[in-house]
Structure formats: structure tokens, C-alpha cells
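Please open the model in your viewer and keep the sequence beside it, so that each selection can be followed in both places. The tour goes from one stop to the next, with a selection to make at each.

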Amino acid sequence: MEQLSGLDAAFVHQDSRRTPMHICAVLVYDVGENGRHALTLDSLKKLVSQRLAPFPLFHRKLRRVAMGMDTPYWIDIAEPDWNRHISESSLPGDGDWEALQSYLAQLHGSRMDLTQPLWEMHLVHDLSGILGLPPHGQALALKIHHAAIDGISMAGIINALHQTPDDSPRGKKNPVEAPGQFELWTRAQINSVSRQFKLAETMSNLVPGFLRARKTRQKFSDLPPIHGSRAYFNVRVRQGRSTGAVLMPRSEILAIKRAVRRVTLNDIAMACVAGGLREYLILHKKLPTKSLAAGVPINLRGPADDQSGGNKIATMAVGLATHVADPVERLRLVHRYAVAGKKQIDALGSGTVMDISDSLTPAILAEGIRTMAWASQLAEIPVPFHTMISNVPGPQEVMQLGDAELLVPLGLGPVRDNMGLFHIVSSAAQRMSLSFSACATLLPDAALYEECLARSFAELAREAARTDALSPGPR
């Protein structure tokens with residue numbers, strides 16, 4: 001039996017019908033002419049049970065403590081019910097991108113049953129040339145609660161799903177008997193005392209961290225200031241989701257990197273988001289004069305944590321330079337904002353948010369989350385981020401599930417109060433994907449936002465090529 005961290009528990013506290021807190025990975029496959037490489041439901045269940053059985057995620061469920069006296073626990077189940085959690089469906093009509101978008105919006109907008117193991121898989125048949133991909137396809141949607149997983153551990157699951165497991169025998173783990181309420185209350189009292197010491201230690205470490213962070217900010221004082229209050233997507237969200245994606249050839253992404261120099265692939269992806277967000281908000285007359293900022297998760301997971309699940313992340317603030325019209329200039333400024341954000345996290349301490357959440361009692365943590373969401377609707381309180389951009393690394397080589405080739409992974413992140421738009425960047429051997437999920441009330445025109453993102457990428461590629469042509473020196 002393992003207890004959730006404070007950060008993992010925060011995702012449980014935020015889960016509601018309006019704000020389901022799960023992550024979706026959508027894997028798109030080429031199944032060949034006449035679907036000759038298509039997966040069947042039975043073949044998928046067999047592959048999943050063989051390849052994903054070692055991950056603890058599939059062998060446990062939540063056990064919550066009465067009256068919220070302590071953070072929940074993971075308790076073992078006897079055996080994963082692969083039949084219950086893996087399903088299939090077909091898209092209506094021609095199986096085009098609009099049909100898949102509608103399906104994913106409904107899937108991503110529906111809340112998971114928190115009394116059951118927190119994962120689902122959905123095999124979607126009859127895709128027909130979506131997003132300019134080959135004409136015969138399937139999609140596999142993995143839906144997993146954020147309390148159980150972060151982006152990096154999701155990437156580990158995806159990688160394992162496409163690898164043939166070794167033949168060495170695995171010892172069968174016997175489930176540990178779930179504790180009774182008396183034992184849970186006893187543990188809660190002990191944890192309550194230990195959290196007081198943990199809080200004192202965390203606060204003593206924060207003071208020098210804040211001083212270091214202040215000095216770091218001074219080194220980047222020439223950066224344009226960030227819009228500090230809420231923007232268009234920083235409001236209370238409603239039920240219903242909109243989704244979308246844009247695909248970018250890896251060769252063109254690398255050409256931008258070579259042309260502009262000293263920028264990363266993640267910088268380029270963020271600059272594409274910045275340009276698309278800038279155009280969308282201009283069209284809706286909602287663009288602030290100062291730069292918006294993105295919350296960008298940073299991986300804190302070590303090699304030994306690959307299958308451990310949960311969340312081991314920090315989130316840095318990165319200016320998006322949405323006040324800048326020129327796409328290349330915007331990219332260079334995004335790079336500087338990213339460097340500054342990373343330095344800030346390093347100075348403050350990458351585990352600060354995790355330490356704080358682990359130091360608070362569950363009741364205070366849950367009430368604090370609700371109070372911040374409520375207070376932000378009544379007054380112009382500071383907002384650290386205006387959207388989220390998570391980079392989830394995908395496979396760099398060609399991968400197959402059965403005989404179906406993985407073309408590209410898409411991702412959908414959780415939408416919550418004050419964060420109504422979430423982007424996930426991922427990649428495969430030939431393509432990078434930029435996917436988004438949003439509150440459908442705030443972003444009812446997903447097709448328009450897709451067009452804005454696609455134009456942002458095209459303009460950046462064009463202007464980067466022109467910059468490269470005008471630059472002296474060796475290419």
C-alpha cells in the first residue's frame with residue numbers, strides 16, 4: 001500500500017464533473033490498404049496484458065480516508081480486469097478528423113469513476129486520412145488519471161506498449177490486504193504530526209530559495225514584463241471540451257532550428273503556440289499588451305522512477321512573447337524567457353511545489369485549491385500562467401503495435417478553473433504534434449484555433465528560411 005503525494009492528491013481534490021483530471025494520449029496508426037494490419041480488440045487486450053502488466057498503475061486503485069483526514073492511498077487489486085477497461089468503437093460517417101475530434105472531446109470531457117482503477121483504453125476503428133496522414137488508420141486512446149501519472153511516465157507506458165517483453169518469468173505479486181479505517185485514522189494522526197515538521201523544514205528552505213530567485217530575476221531584468229493578471233482562458237470552466245491538433249514535419253522543425261540557431265525544439269513548439277494564441281486572441285479582441293506566459297512542466301523523474309507512476313514535476317513560467325509580431329524575433333525571445341524560467345526553478349529549488357503540497361494537511365490543500373479558484377473570479381489576483389504547454393517526448397524511431405505502424409501520438413491535458421486551455425507537444429519518427437484541449441465554452445471554434453496554430457508554424461518556417469538565407473557564415 002502506497003500513499004499519494006500531496007501533488008498527486010491535489011489532482012484528486014480538483015476532480016469534478018466540470019474538471020475531470022485525467023490525461024489522454026491518442027496514438028494514430030497506419031493499418032494499410034483494406035485494413036490488413038488493423039488491430040482487433042482481442043489482439044489489443046493480449047498485447048496490453050503482456051507488455052503493461054509490470055506497471056503498478058494497472059494493479060491498484062484509490063482508497064480514500066474518511067472525512068478527508070489524510071491523503072488517499074493506492075491499494076492493490078487481485079488482477080487487472082483487461083476486459084472492463086479496454087473497449088472499441090467505430091467513427092460515424094467517413095471517419096474523418098472532425099468525427100475523431102468529436103469523439104475525443106466527448107471522451108476527454110467525461111469524468112472517470114474514482115472508485116475503479118484509474119485507466120481506460122479505447123480502440124477506434126475506421127479512420128480515413130485524418131490530418132493528412134495515410135488513408136487507412138486506427139487510433140488508440142489511453143485515458144489515465146493525473147493522480148496516477150505524469151507526461152513522462154505516460155511516455156514510458158507508450159514505449160513499453162510497443163516493445164516486445166523479455167521472456168524471463170515474473171514473480172506474481174500477491175495483493176496486500178487493504179487496511180481498515182482504524183489503521184487509516186492511526187496513520188492520519190502520525191502523518192499530521194510529521195507534516196508539521198515537514199512544513200517547518202520546507203519554509204526554512206524557502207527563504208534562501210526566494211533570495212536566490214530574486215537575484216536570478218535581476219539578471220534577466222531586460223526581458224519585457226509579463227502580463228501578471230488573468231487573461232481570456234483564466235476563468236471558471238464549464239463542462240464540455242473542445243480538442244484539436246496540428247502536425248508539423250520533423251524535417252521542417254529541424255530546418256527552423258538550424259536557421260535560427262541556439263534555440264531548442266521545445267522553444268520552437270512554444271513559439272508556434274505563441275503565434276497561434278496571439279492571432280486567436282487578436283481575432284477575439286482579447287490580446288493583452290504585455291506578453292502572456294505558459295506553465296511548462298519540468299521532469300524531476302530519475303532513471304529508477306520509470307515505472308513508479310505519480311507526478312514528479314515542477315512547473316516553470318515561460319513568457320510567450322505574444323506582444324511581438326515577427327515570428328523569428330518571437331522565437332528568440334521565447335528562448336530567453338525559457339532560459340530565465342529554468343534559472344528561476346533552479347534557484348528556488350525544483351521540488352518546492354512538491355515539498356509544499358506534501359507539507360499541508362489534505363483539508364487545507366483541498367480548501368486552498370477551491371478558494372484560489374473562487375477568489376480569482378472576484379478580483380484581479382496575480383496569475384502565474386495563462387495557458388499550459390507540456391512537452392511529452394515521443395519515440396524517435398519507427399514503432400509498431402502488432403503490424404500497425406505508429407504515425408504520431410497526440411495528447412490532451414486536463415482543463416481546470418483558471419486554466420481553460422492546455423497544449424501538449426509530442427513527436428514520432430517523422431512528425432511533431434501540437435495538440436490542445438480546452439473548455440468548449442471558452443474555445444467553441446477549435447477549427448479556427450487549429451488554423452491559427454498552422455499559420456503560426458508556416459510563418460515561422462518561412463521567416464526562418466529567409467533569415468537563414470540572409471545570414472552570413474557557414475550553414
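## Rings in the interior

Begin by selecting Tyr449, which counts as buried because its relative accessibility is 0%. Bear in mind throughout that this is a predicted model. Now add Phe436, which is likewise buried, with a relative accessible area of 0%. Phe436 and Tyr449 form an edge-to-face aromatic pair, with 4.9 Å from centre to centre and 75° between the planes. Colour the two elements that carry these rings, and you will see that Phe436 belongs to strand E15 (residues 431–439) while Tyr449 belongs to helix H12 (residues 446–470), the two residues being 13 residues apart. If you then extend the selection to Tyr232, Phe233 and Tyr280, you have, together with Phe436 and Tyr449, a cluster that is linked by ring pairs.

A search of the whole structure finds 7 aromatic pairs, and another one to select is the edge-to-face pair of Phe58 and Trp119, again with 4.9 Å centre to centre and 75° between the planes. Phe58 lies in the loop between helix H2 (41–51) and E3, whereas Trp119 lies in strand E6 (residues 119–127), so this pair ties together parts that are 61 residues apart in sequence. Are these two rings buried or exposed? Phe58 is buried, with a relative accessible area of 1%, and Trp119 is buried, also with a relative accessible area of 1%.

## The nonpolar cores

In soluble globular proteins, nonpolar side chains tend to be buried together. Which residues touch the most other members of the largest nonpolar core? In this core of 58 residues they are Ile256, Leu443 and Tyr449. Select helix H8 (residues 265–283) next, since the largest share of this core, 10 residues, comes from there. Apart from this core lies another one, of 43 residues, which includes Leu4, Val12, Leu27 and Trp74. Then centre the view on Ile256 and show its surroundings: leaving aside residues up to four places away in sequence, Ile256 touches Arg261, Ile268, Leu331, Phe457, Leu460, Ala461 and Ala464.

## A small sheet

Turn now to an open sheet of 3 strands, whose order is E1-E4-E3 and whose pairing is antiparallel. Strand E1 (2–3) and strand E3 (60–63) are the edge strands, each pairing on one side only. Follow E3 along strand E4 (residues 73–76), with which E3 pairs in the antiparallel sense over 4 bridges, and look for Lys61, which stands opposite Ile75 in E4.

## A helix to check

Select helix H4 (residues 97–109) and place a distance between the C-alpha atoms at its two ends. At 1.5 Å a residue, the 13 residues of H4 should span 18 Å, and the end C-alpha atoms are indeed 18 Å apart, which agrees. H4 is mostly covered, with 10 of its 13 residues buried; among the buried ones are Trp97, Leu100, Tyr103 and His108.

## A histidine in a loop

For the last stop, select His146, which is found in the loop between strand E7 (137–145) and helix H5 (151–161). His146 has a relative accessible area of 8%, and because the cut-off for a buried residue is under 20%, His146 counts as buried. Its side chain reaches the backbone oxygen of Ile149 at 2.9 Å. Not counting residues up to four places away in sequence, His146 touches Phe11, Met21, His22, Ile23, Asn311 and Pro414.

Notes
Residues numbered from 1 in each chain as written. Predicted model: local features only at pLDDT ≥ 70, side-chain atom pairs only at ≥ 80, totals over all residues. Heavy atoms only, no water. Expected span 1.5 Å × (residues − 1). Buried < 20%, exposed > 50% of the residue type's maximum accessible area, 1.4 Å probe, protein only. Polar contact = N/O pair within 3.5 Å; in protein donor to acceptor, adjacent residues only side chain to side chain. Contact = heavy atoms within 4.5 Å. Pairing = 2+ DSSP bridges. Core = buried A, V, L, I, M, F, W, Y, C linked by side-chain atoms within 4.5 Å. Phe/Tyr/Trp six-rings, centres within 6.5 Å; stacked < 30°, edge-to-face > 60°.
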